[in-house]
Amino acid sequence: MLATSALAFSVSLATVVSGFSFTFTSEPQQCANLSISITGAGTPPYSVLIIPYGPSPLPNNVEARTIVYEQFPGNSSSVSFQLKYPSTSQFVAVVSDSSGFGTGGTSVAATVMSSSDSSCYNATNNVSPDFPFNIDPPNQVVQCSPSRLWWNPSQVQGTVSFQGVIPGGQSFAVPAGTPSQVADEGTGFNWTASVRAGTTLILVAGDGRGLGTGGSGLYNVAAGLYPDSSCLTDTSPSSTAGPPAGGSYPTDISGDQTPGGGSGHSSNVGAIVGGVIGGLAFAAILIVAGFYIIKRRSSSSNKERPVDLLHGDPDDTDQALAPDLPEYRPEPFLATEPTDASIRQPDETGRLSVAGSRYGGLSDRPLSTISLSEIQSARSGTPDRDTRTGSGPSGSMVTGSRKAPQPRQLRPVNIIQHEDAGSPEVEAETIELPPAYTNIRKTT
């Protein structure tokens, strides 16, 4: 940002020092006269360089445009000449005075408007410069990287010169190095491009016959594989943010005008004001959106949330646990030892009804009925102690032991019936217990 400001200041300073600019006093039209007038105080004589820009609009891409180098007559501050360019084609104009190249400024790409006259060019014949030039590495210009500009010495007249033209920016004369001969590359010199990367650059070659006799080449300055900015300064040529030279002129086929001269200041002010207003509006939108999001979150947090019976609420982790309610406390069912002291009463079906609780008293819950067959099926199939088998009087096998077996202790069983969804409408389950066989006596 600082480098760009310094560059814009240096370009403005150069304009003040040169003290002049130029204006198109007529609209560029196909095969019509193009008039240019000097504004300000320069050092005559003046000259203008018209360079074709962009592709040719003619069929088969035929290039009928040539570079035009026109000198103002004497010390005149205006000139008029025929523009032999087809309609919808573009060009860049550079005006100079006796103090140097490009001192009057450089226009952006201007568009040629249509007319009824098309006799000034041959739409089927390609034109060519008086001598071609070459650049090595081919077809590229790299920031702060040396390039070799060379040509065939047998095709030139006088001294070869190169100019760098930046559309809408600062044009300059390429400093000529010491000429050298290289095999298969003719005569040339090395040039380090002190032009910032990303700049659109037109290289124009000329000799003793005038500027542009060697043609031109369009390049986009590259940063290179390993960017180097050691050759750049605050005055290094580049495109500027200010209004281009040339006044108002069409820049596309629709006839849209490019502002120039004094109108550029008001355009910049309008752009700055528009940018500030747009930034404030964007900030206001962000603030309103932030308040809306905060309000929406606070209102949604106060809404009643559904109860999740499977997963706990993360907000309830720090709250106290629910009290131990008696109706949800598990009460185990104890199958007591089948003795005479136990509370057993047969019911109508011949089952034993065992009642009791772990607290030693009768429970207020429905009594469970257990059959002897279920008790027998629940006993282990293996003997508790050493057993003997024998034959009884009837031939049946009888089982005996050396000692009377102790009654088997039954494990306590917790039966929990959840009634969260209401009392179940099912009948009580009947559990039958097998006989204990405690009254069987040992036979002799």
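This passage looks at two nonpolar cores, a buried glutamine and an open sheet in a predicted model. Local features were taken at pLDDT of at least 70 and side-chain atom pairs at pLDDT 80 or more, while totals for chains, interfaces and linings use all residues. Numbering runs from 1 along each chain as its sequence is written, and side-chain values use heavy atoms, with hydrogens and water left out.

The largest nonpolar core (buried Ala, Val, Leu, Ile, Met, Phe, Trp, Tyr and Cys residues joined through side-chain atoms within 4.5 Å; buried is under 20% relative accessible area with a 1.4 Å probe, protein chains only) has 22 residues. Phe22, Phe24, Ile36, Val48, Ile50, Phe81 and Phe91 have the most contacts inside it. Two or more residues each come from strands E1 (20-24), E2 (33-40), E3 (47-53), E5 (78-82) and E6 (90-97), strands being DSSP runs of E, at least two residues, numbered from the N terminus. A second, separate core holds 21 residues, among them Phe162, Phe189, Trp191 and Val221.

Gln30 sits in the loop between E1 and E2 and counts as buried because its relative accessibility is 6%. Its side chain makes a polar contact of 3.2 Å with that of Tyr121 (N or O atoms within 3.5 Å, one able to donate a hydrogen and the other to accept it).

Elsewhere, four strands make an open antiparallel sheet, ordered E12-E11-E15-E16; strands pair if DSSP finds at least two bridges between them. E12 (172-174) and E16 (216-220) are the edges, each with a single partner strand, so one side of each lacks a neighbour in the sheet. Three bridges link E11 (residues 161-165) to E12, and Gly164 has Phe172 as its bridge partner in E12.

Methods:
Buried means under 20% relative accessible area, exposed over 50%, partly exposed in between (1.4 Å probe, protein chains only).
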